[in-house]
Amino acid sequence: MLGPAVLGGSAIVALVIGSWLFKRFRGRSAGERRSWERHTDAQERDPPVDIGDVEETAIREFSDHHSGERRAVCKIEGFVVFVEDVPDDCDPTDVIRIKILSFNRGHTSATATHLETV
């Protein structure tokens, strides 16, 4: 026969696991669900660019690459492109011409190099 402490502890563990499962699968906010749906859609669609394409796009923001290099973050038809070799005098909203160099493993983003500021 189990004591009341063991039963109470089991009930607490079951409650914690149950609430975690609920939040994980059903309790996401509307924004989190939309973000997850966009992520899933991006994994299923073909990129709007090919390696070697030259495109004009606006800089959305800058991020620091794990190598320490500053990279511009751009989007082409909602597809994220990380641009290297961007001059220090470029700012967000500047329009630049880029050349697509490669894709990440899942083809959900690309790496490009800066050609010129338009």
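A residue counts as buried when its relative accessible area is under 20%, as exposed when that area is over 50%, and as partly exposed in between. Keep this rule at hand for the exercises below, and remember that the structure above is a predicted model.

**Exercise 1. A salt bridge between two strands**

Task: Decide whether Glu-84 is buried or exposed, and find which residue Glu-84 meets in a salt bridge.

Solution:
- Step 1. Glu-84 has a relative accessibility of 17%, so Glu-84 counts as buried.
- Step 2. The side chain of Glu-84 meets that of Arg-71 in a salt bridge, at 2.8 Å from N to O.
- Step 3. This pair joins distant parts of the chain: Arg-71 belongs to strand β2 (residues 70-76) and Glu-84 to strand β3, 13 residues apart.
- Step 4. Now test the partner. Arg-71 counts as buried because its relative accessibility is 10%.

**Exercise 2. A network of charges**

Task: Find out how many salt bridges the structure holds, and say which residues are linked in a network.

Solution:
- Step 1. Start with the idea behind the search: side chains of opposite charge can pair when their charged atoms come close.
- Step 2. The structure holds three salt bridges. One of them joins Arg-97 and Glu-56, whose closest N and O atoms are 2.2 Å apart.
- Step 3. That bridge spans distant parts of the chain, with Arg-97 in strand β4 and Glu-56 in strand β1 (residues 54-64), 41 residues apart.
- Step 4. Arg-97 also forms a salt bridge with Glu-116, and here the closest N and O atoms are 2.1 Å apart.
- Step 5. Again distant parts of the chain are linked: Glu-116 sits in strand β5 and Arg-97 in strand β4, 19 residues apart.
- Step 6. Put the pieces together: Glu-56, Arg-97 and Glu-116 are linked in a network of salt bridges.
- Step 7. Check the surroundings of each member. Arg-97 has 23% relative accessibility, so Arg-97 counts as partly exposed. Glu-56 is partly exposed because its relative accessible area is 44%. With 37% relative accessibility, Glu-116 counts as partly exposed too.

**Exercise 3. Two rings and a serine**

Task: Say which residues form an aromatic pair, and which residues Ser-109 touches.

Solution:
- Step 1. Rings pair if their centres lie within 6.5 Å, and planes over 60 degrees apart count as edge-to-face.
- Step 2. The count by this rule is one aromatic pair. The two rings are those of Phe-79 and Phe-103, with 6.2 Å from centre to centre and 70° between the planes, which makes the pair edge-to-face.
- Step 3. The pair connects distant parts of the chain: Phe-79 is in strand β3 (residues 79-84) and Phe-103 in strand β4 (residues 95-103), 24 residues apart.
- Step 4. Both Phe-79 and Phe-103 are buried.
- Step 5. Next, turn to Ser-109 in strand β5 (residues 109-117). Leaving out residues up to four places away in sequence, Ser-109 touches Phe-79, Val-80, Phe-82, Phe-103 and Asn-104.
- Step 6. Ser-109 counts as buried because its relative accessibility is 12%.

**Exercise 4. Unusual backbone angles**

Task: Find what sign phi has at Glu-77 and at His-107, and where these residues are found.

Solution:
- Step 1. Recall what to expect: most residues other than glycine have a negative phi.
- Step 2. Glu-77 is not a glycine, yet its phi is positive, at about 55°. Glu-77 is in the loop between β2 and β3.
- Step 3. His-107 is not a glycine either, and its phi is positive, at about 60°. His-107 is in the loop between β4 and β5.
- Step 4. Glu-77 counts as exposed because its relative accessibility is 63%. At 37%, His-107 counts as partly exposed.

**Exercise 5. A patch and a ring face**

Task: Name the residues that make a nonpolar surface patch, and find which residue lies over the face of Phe-62.

Solution:
- Step 1. Val-13, Ile-17, Trp-20 and Leu-21 make a nonpolar surface patch of about 400 Å².
- Step 2. Look at one of these residues: Val-13 is in helix α1 (residues 4-25). Val-13 counts as partly exposed because its relative accessibility is 48%.
- Step 3. Move on to Phe-62. Arg-70 lies over the face of Phe-62, at 3.8 Å from the ring centre.

Definitions and conventions
Residues are numbered from 1 along each chain as its sequence is written. This is a predicted model: local features need pLDDT of at least 70, side-chain atom pairs count only at pLDDT 80 or more; totals for chains, interfaces and linings use all residues. Side-chain values use heavy atoms; hydrogens and water are left out. Rings of Phe, Tyr and Trp (its six-membered ring) pair if their centres lie within 6.5 Å; planes under 30 degrees apart count as stacked, over 60 as edge-to-face and the rest as tilted. Helices (H or I, at least four residues) and strands (E, at least two) are DSSP runs, numbered from the N terminus. Buried means under 20% relative accessible area, exposed over 50%, partly exposed in between (1.4 Å probe, protein chains only). A charge sits over a ring if NZ of Lys or CZ of Arg is within 6 Å of the ring centre and within 35 degrees of the ring normal. Contact means heavy atoms within 4.5 Å. Patches are made of residues with over 30% relative accessible area and no salt bridge: like charges are joined within 9 Å, nonpolar side chains (Val, Leu, Ile, Met, Phe, Trp, Tyr) within 5 Å. Accessible areas come from the Shrake-Rupley method with a 1.4 Å probe; for residues, only the protein chains shown count as cover. A salt bridge is a side-chain nitrogen of Lys or Arg within 4 Å of a carboxyl oxygen of Asp or Glu.
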